[in-house]
Amino acid sequence: KIRYYHLKSHLEYSNRPLKLEKMHVVVVVLGDIGRSPRMQYHALSLLQENYDVSLVGYEGEKLLPLLVSSDLRERLQVKRFTPISLGLLRKIPPIYYAWR
């Protein structure tokens with residue numbers, strides 16, 4: 001079963017046939033993805049409901065085995081970023097005030 005969405009305004013104001021698109025969900029983790037099992041389980045639930053999912057967060061620990069080894073992996077995109085160092089953050093405020 002695949003869920004599709006459409007714009008309500010398209011139905012009200014257009015005579016063209018409706019183009020159905022598959023739903024894509026972005027799950028954002030404010031920290032290490034591997035240390036956020038709740039967000040990983042949210043992503044897994046969305047994948048099981050046939051949504052395409054992008055999981056975004058910091059790199060670190062490994063993902064849950066259910067996400068890595070499942071056949072749902074082809075619809076999951078994982079984007080990991082390296083956290084900003086504290087040394088860099090300490091340099092940013094003077095640059096901001098000089099630019100302002």
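Which residues are linked in a network of salt bridges? The network consists of Asp32, Arg35 and Glu61. Before these residues are examined, the overall architecture deserves attention.

The structure shown is a predicted model. The mean pLDDT of the protein chain is 77, and 62% of its residues reach 70 or more. Over residues 1–5, pLDDT stays under 50, and the model has 15 contacts for this stretch beyond four places in sequence. Where pLDDT is low, the predicted coordinates should not be read in detail.

The protein chain contains 4 helices and 5 strands. Followed along the sequence, these elements are arranged in the pattern β-α-β-β-α-β-α-β-α. The protein chain has 100 residues, of which 24% count as buried. Its accessible surface comes to about 8,000 Å², and 57% of that surface belongs to carbon and sulfur atoms. Among the contacts in the protein chain with a separation of 6 or more, 50% are accounted for by residues 24 or more positions apart.

The salt bridges may now be considered in turn. The count comes to 2. In one of them, Asp32 pairs with Arg35, and the closest N and O atoms are 3.8 Å apart. The two partners differ in their surroundings: Asp32 is buried, with a relative accessible area of 15%, whereas Arg35 is exposed, with a relative accessible area of 62%. Arg35 also forms a salt bridge with Glu61, at 3.6 Å from N to O. Glu61 lies in the loop between β4 (52–58) and α3 (65–69), while Arg35 lies in the loop between β3 (24–32) and α2 (37–48), so the pair ties together parts that are 26 residues apart in sequence. Glu61 itself is partly exposed, with a relative accessible area of 40%.

The helix α2 provides the next point of interest. α2 has 12 residues, and the distance from its first C-alpha to its last is 16 Å, close to the 16 Å expected at 1.5 Å a residue. Which residues of α2 are buried? They are Gln40, Ala43, Leu44 and Leu47. These residues cover an arc of only 100 degrees around the axis, which puts them on the same side of α2. An α-helix has 3.6 residues a turn, so residues three or four places apart point the same way. The cover over the buried residues of α2 includes β3, β4, α3 and β5 (76–81).

Just after α2 comes Asn50, with a positive phi of about 70 degrees. Asn50 is found in the loop between α2 and β4, and its positive phi occurs in a residue other than glycine.

The strand β4 contributes Leu55. Is Leu55 buried or exposed? At 0% relative accessibility, Leu55 counts as buried. Leaving aside residues up to four places away in sequence, Leu55 touches Val27, Val29, Ile33, Met39, Gln40, Ala43, Leu63, Leu67, Leu76, Gln77, Val78 and Lys79. Gln40 and Ala43 in this list are also among the buried residues of α2. With Met39, Leu55 shows a C-alpha separation of 8.6 Å, although the two are 16 residues apart along the chain.

Leu63, one of the residues that Leu55 touches, is found in the loop between β4 and α3. Despite its place in a loop, Leu63 counts as buried, at 13% relative accessibility. Not counting neighbours within four places in sequence, Leu63 is in contact with Ile33, Gln40, Leu55, Val68, Val78 and Arg80. The C-alpha atoms of Leu63 and Ser36 are separated by 9.0 Å, and these residues are 27 residues apart along the chain.

Finally, strand β3 includes Gly31. Gly31 is buried, with a relative accessible area of 15%. Apart from residues up to four places away in sequence, Gly31 touches Gly57 and Tyr58. Gly31 and Phe81 are 50 residues apart in sequence, and their C-alpha atoms are 9.6 Å apart in space.

How values were computed: Residues numbered from 1 in each chain as written. Predicted model: local features only at pLDDT ≥ 70, side-chain atom pairs only at ≥ 80, totals over all residues. Heavy atoms only, no water. pLDDT = per-residue confidence, 0-100. Contact = heavy atoms within 4.5 Å. Helix = DSSP H or I, 4+ residues; strand = E, 2+ residues; numbered from the N terminus. Buried < 20%, exposed > 50% of the residue type's maximum accessible area, 1.4 Å probe, protein only. Areas by Shrake-Rupley, 256 points an atom, 1.4 Å probe, with all protein chains shown as cover. Salt bridge = Lys/Arg side-chain N within 4 Å of Asp/Glu carboxyl O. Expected span 1.5 Å × (residues − 1). Arc of directions from axis to C-beta.
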